[in-house]
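Got the viewer open? Load the model, switch to cartoon, and follow along one selection at a time.

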Amino acid sequence: YCNFFAAIIFSMNKTALIFGHSSGLGHEITKTMLEDGYQVVGISRRESEISSTSLINIKADLENKEQIDEVVDKIKTNHQQFDVLIFAAGTLTAHAIDNLDYVEMERLFKVNTFAPMAIESALLPEIKSNGADIVNITTIALYNFYPAFAEYSATKAAIAKFTEHLQKELFDTPSRVIDFCPSGFTSNIYKDMTGDKVNRDESLQMKSSDLAKLILYTLKLPKRIEITKILINRKPV
């Protein structure tokens, strides 16, 4: 009987697929959604430090096509019922534009662009059947100029365009597609970046927890409201 009622309770809760859930913004989104009663299936290279019976960790390197295929198969087999897919995984490199690095560009495009495109394409039947929402995290760098970030900005510009195509594809369905474009927020992405290191004062950045709350608020709006693009600037105060 306990298992029966637990299954009923589980089925009543919403489920979120969160890519890049173990650190940075993805970590804060995971915390926020768990606190709101979501079941979370998190996909990252390492397990989250969050301890919750409502969190399922799937370890995968999103730079690796075979592991992406395995993740898609696991979702289709074990977690095919979900309400939102959030792609918060990402990596960063920096080089002067006359000194771009092919290997780093390839890695950036694999994680920041190819992975979300491949995953969201493969899961499109489930997204449609569930009426699931999609949130792709891009960047305000699409609209502002940041020296040495040409490679990173290009990867995000590509996924932003793909997000527009998803919006058109899913327009006549309950699924909403959101391009979430924040400026600087607290993260370890600068600490882990490659190429020309950029020192950044994390105390001056927006709090990832605040952005996570904004995403949850947006998802709670009535289904007839689709906010297609959210631009968030960081104030210098």
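**Start in the middle of the sheet**

Select β1 and β2: the two run parallel and are joined by five bridges. Before going further, a word on what you are looking at: this is a predicted model, where local features need pLDDT of at least 70 and side-chain atom pairs count only at pLDDT 80 or more, while totals for chains, interfaces and linings use all residues. Residues are numbered from 1 along each chain as its sequence is written, and side-chain values use heavy atoms, with hydrogens and water left out. Helices (H or I, at least four residues) and strands (E, at least two) are DSSP runs numbered from the N terminus, and two strands pair if DSSP finds at least two bridges between them.

Now show Ile-18 and look across to β2, where Gly-42 stands opposite. Next, put side chains on β1: Thr-15, Leu-17 and Phe-19 point one way, Ala-16 and Ile-18 the other. Buried or exposed, these residues of β1? They are all buried, meaning under 20% relative accessible area (exposed is over 50%, partly exposed in between; 1.4 Å probe, protein chains only). With five of its five residues buried, β1 is largely enclosed by the rest of the structure.

**Widen out to the whole sheet**

Zoom out and pick up the other strands. The open sheet has seven strands, in the order β3-β2-β1-β4-β6-β7-β9, with parallel pairing. At the edges sit β3 (55–59) and β9 (229–232), each pairing on one side only. Neighbouring strands are turned by 15 degrees against each other on average, direction ignored; axes here are lines fitted to C-alpha atoms, for helices over the stretch in contact, and angles run from 0 to 180 degrees between N-to-C directions.

Over at the β9 edge, select β7 (residues 177–182), which pairs with β9 in the parallel sense over four bridges. Phe-180 is a handy marker there: it stands opposite Ile-230 in β9.

Stay here and add helix α7 (residues 208–220). It packs on the sheet, touching β4 (84–87), β6 (133–137), β7 and β9, and its direction makes about 160 degrees with that of β7. Contact means heavy atoms within 4.5 Å.

**Helix α3**

Which helix residues are buried in α3? Select Ile-68, Val-71, Val-72 and Ile-75. Look down the axis of α3: the buried residues fall within an arc of 100 degrees, so they line one face of the helix. That arc is taken from the directions from the helix axis to the C-beta atoms. Their cover includes β1, β2, β3 and α4 (102–122). Flip to the other side of α3 and you'll find Glu-66, Thr-77 and Asn-78 exposed.

At the start of α3, show Asn-64: one of its side-chain oxygens reaches to within 3.0 Å of the backbone nitrogen of Glu-66.

**Helix α2**

Next, select α2 (residues 24–35). Ten of its twelve residues are buried, so α2 is largely enclosed by the rest of the structure. Among them are His-27, Glu-28 and Met-33. The buried residues of α2 pack against β1, β2, β3, β4, β6 and α7. Just after α2 comes Gly-37, with a positive phi near 100 degrees.

**A pair of serines**

Back up to the loop between β1 and α2 and select Ser-22, then add Ser-44 in strand β2. Their side chains are joined by a polar contact of 2.7 Å (a pair of N or O atoms within 3.5 Å; within protein, one must be able to donate a hydrogen and the other to accept it, and residues adjacent in sequence count only if both atoms are side-chain atoms). Ser-22 is buried at a relative accessible area of 10%, and Ser-44 is buried at 9%.

Leaving aside neighbours within four places in sequence, the contacts of Ser-22 include His-27, Arg-46 and Glu-47. On the same basis, Ser-44 has contacts including Gly-20, Ile-58 and Lys-59.

**Last stop: Ala-148 and α6**

Jump to the loop between β6 and α6 (150–169) and click Ala-148. It has a positive phi of about 75 degrees although it is not a glycine. Ala-148 is partly exposed, with a relative accessible area of 27%.

Finish by selecting α6 itself, where the buried residues include Tyr-152, Ile-159, Phe-162 and Leu-166. The buried residues of α6 pack against β5 (93–94), α4, α5 (124–130), β6 and β7.
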